[in-house]
Amino acid sequence: MRNIWTIAKREYNLYFISPVAYVVAFLFLTIIALIFAINIMAMTVNQFGFAPPPDSRVVTGPMAFLLLLATPALTMRLLADEVRMGTMELLLTAPVREYELVVGKWLGAFLFMLTLMAASLVFPLILQQITNPGIDQMLMMSGYLGVILLASAFLAIGVGISALFSNQVAAFFTTMVIFVILWWLVGAPANVLPGGSDIFRYLDMSGHFYQNFNEGRITLSGIAYYLSLTALGLLIGTTAIETRRWR
Amino acid sequence: MIEVSNLTKDYGARRAIDGLNFEARQGEITGFLGPNGAGKTTTMRILTGYMPPSDGTATIAGYDVVRNSLEVRKRVGYLPETVPLYTEMTVFDYLKFMADLRRLPDAEDIIEETLEMVGLLDRAGGYIGNLSKGMRQRVGLAQALLHRPEVLILDEPTIGLDPAQIIEVRNLIREIGKERTVLLSTHILSEAQQICDRILIINKGKIVAEDTPQNLQSSLSGAQRVQLTVRGDAAKLTGKIGGLDGVESVILNGQDQLEFQYAAGSDARPAVARMVVESNFDLLEMRTISLSLEEIFLTLTKEVPAESEE
């Protein structure tokens, strides 16, 4: 357990000296801010022909999609770079178990993501100030729980893919492809097939968020889905490193 | 203590090491000598638990490297061939990270002590990326020494160092080797000769010789070669020396120098010396030329044309 923390701490600190992480953080928060500003204008001036209700969904909604774009950039380096730099040999000959390494890497990235999300709380806070009687805080909690679970699953898959490659770019694109499949393609048959489409609807990564968590419905099946994906990603990573030894 | 028995590793169809058997004892520095691609790094990677062998067993301090990998890794300090460093970290942070992974108490003191051992105390706060190759090598060494391991495995520890640093590092290794088990690989023969108590010569995955540097030299040289310097025309002596008992051959090396060889069983030197003096020549020097480790190495690792590669 302590090893997980040691590795996570190093990864977390590393994000703060990594240009990629700064670019990701900057774009992530700036785009949320822009969308937020446009929505506020729509709500107050009501010139654009639409006016979303003033609640935290204007923040968590776009954030979920931005996670999909940001995660591969944050995770591509995690294990692929250790292989490239030869430091994998250092870690695998230190008294560290494979799963500790993978979970530590994931935790470091997850904590960084949580930091970004904590920074984004400023937007619901502004909304709280400028609306009367304030925003629906339960809805906000549910939405944030959703993005946190989503980030956990995204990052775990990213770490798992990163363990398969010794090249960051390959890890980035593969992760992106997997996300596209899970986000858009898996759920698609549900709209076409008349019956027996529940399984596709359940496997759809975006559905659990947009139809449940972001609407204030915390479902057990949604939590189980995201946590299962997290476990699967970490398992892929651990297995990949174990097989790397046997090659 | 390292015990290796019948250790074999295949990379696909290629056999990197083939049935290695050896021991490295505590308090001894064992040198692993061989040309590139002989299987030195592969063996070390198996011993440190980085990868498992295809066949055979290896134990370190009584623990099997496959079944008790974690216990082995706790007891081994390893400096890989390409020094694994995080260039974006400072020397201190890097060592702190490794100390934390090894769960060392009082990490700060230990790091300071270790940095002093490798002579990098003044660079503790500097980024590893800004260090020279020699300094990086020493950071890697510090990492391997951090937990004061029972067994130290060093893959080419002096590569990339300048002559002064090489001497420092060799002294350091010798110091460490007094109470620990050290296994180091090198392809610098003089280095193995200088710091190792025992040498294993490995070629194509097999151990071709194993002994102390001194024994290797004498046992493999067979005939003894002696160089003779005299005042006067040495050519006149060749015939006389060649006629003596036990002398196998005489070669003229220069105007006043010749070289003769005698069978290892009989010492022809006194007879030769007497003969030179009795022939009214001044004997200036008589010196045994031992077959250098370099020559032994080349003989042992020479390509055998009949052995075809697949």
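The exercises below work through one helix of chain A, the contact between chains A and B, and one sheet of chain B.

The model is predicted, and local features need pLDDT of at least 70, side-chain atom pairs count only at pLDDT 80 or more, while totals for chains, interfaces and linings use all residues. Residues are numbered from 1 along each chain as its sequence is written, and chains are lettered from A in the order in which they are written.

**Exercise 1.** Determine which residues of helix H6 of chain A are buried, and why they lie on the same side.

*Solution.* Helices (H or I, at least four residues) and strands (E, at least two) are DSSP runs, numbered from the N terminus. A residue is buried if 20 or more other C-beta atoms, placed from the backbone, lie within 10 Å of its own, exposed if 12 or fewer, and partly exposed in between. In H6(A), residues 122-130, the buried residues are A:Phe123, A:Pro124 and A:Leu127. They cover an arc of only 95 degrees around the axis, which puts them on the same side of H6(A); the arc is that of the directions from the helix axis to the C-beta atoms. The face turned away from that buried side carries the exposed A:Leu125 and A:Gln129.

**Exercise 2.** Describe the side of chain A that touches chain B.

*Solution.* With contact taken as C-beta atoms, placed from the backbone, within 7 Å, 18 residues from chain A and 20 residues from chain B take part. Helices H1 (2-15), H4 (87-92) and H12 (220-246) of chain A each supply at least two residues of the chain A side, and the largest share, five residues, comes from H1(A).

**Exercise 3.** Establish the strand order of the open sheet of chain B, and find which helices lie on the sheet's strands.

*Solution.* Two strands pair if DSSP finds at least two bridges between them. Four strands follow the order S12-S13-S11-S14 (chain B), with antiparallel pairing. The edge strands, each pairing on one side only, are S12 (247-252) and S14 (282-289) of chain B. Seven bridges join S11 (224-231) of chain B to S14(B), and B:Val226 stands opposite B:Thr288 in S14(B).

For the helices, axes are lines fitted to C-alpha atoms, for helices over the stretch in contact, and angles run from 0 to 180 degrees between N-to-C directions. Helix H9 (235-242) of chain B packs on the sheet, touching S11, S12 and S13 of chain B, and its direction makes about 170 degrees with that of S12(B). Helix H10 (269-278) of chain B lies across S11, S13 and S14 of chain B, at about 160 degrees to S14(B).

Note on methods. Two residues are in contact if their C-beta atoms, placed from the backbone, lie within 7 Å.
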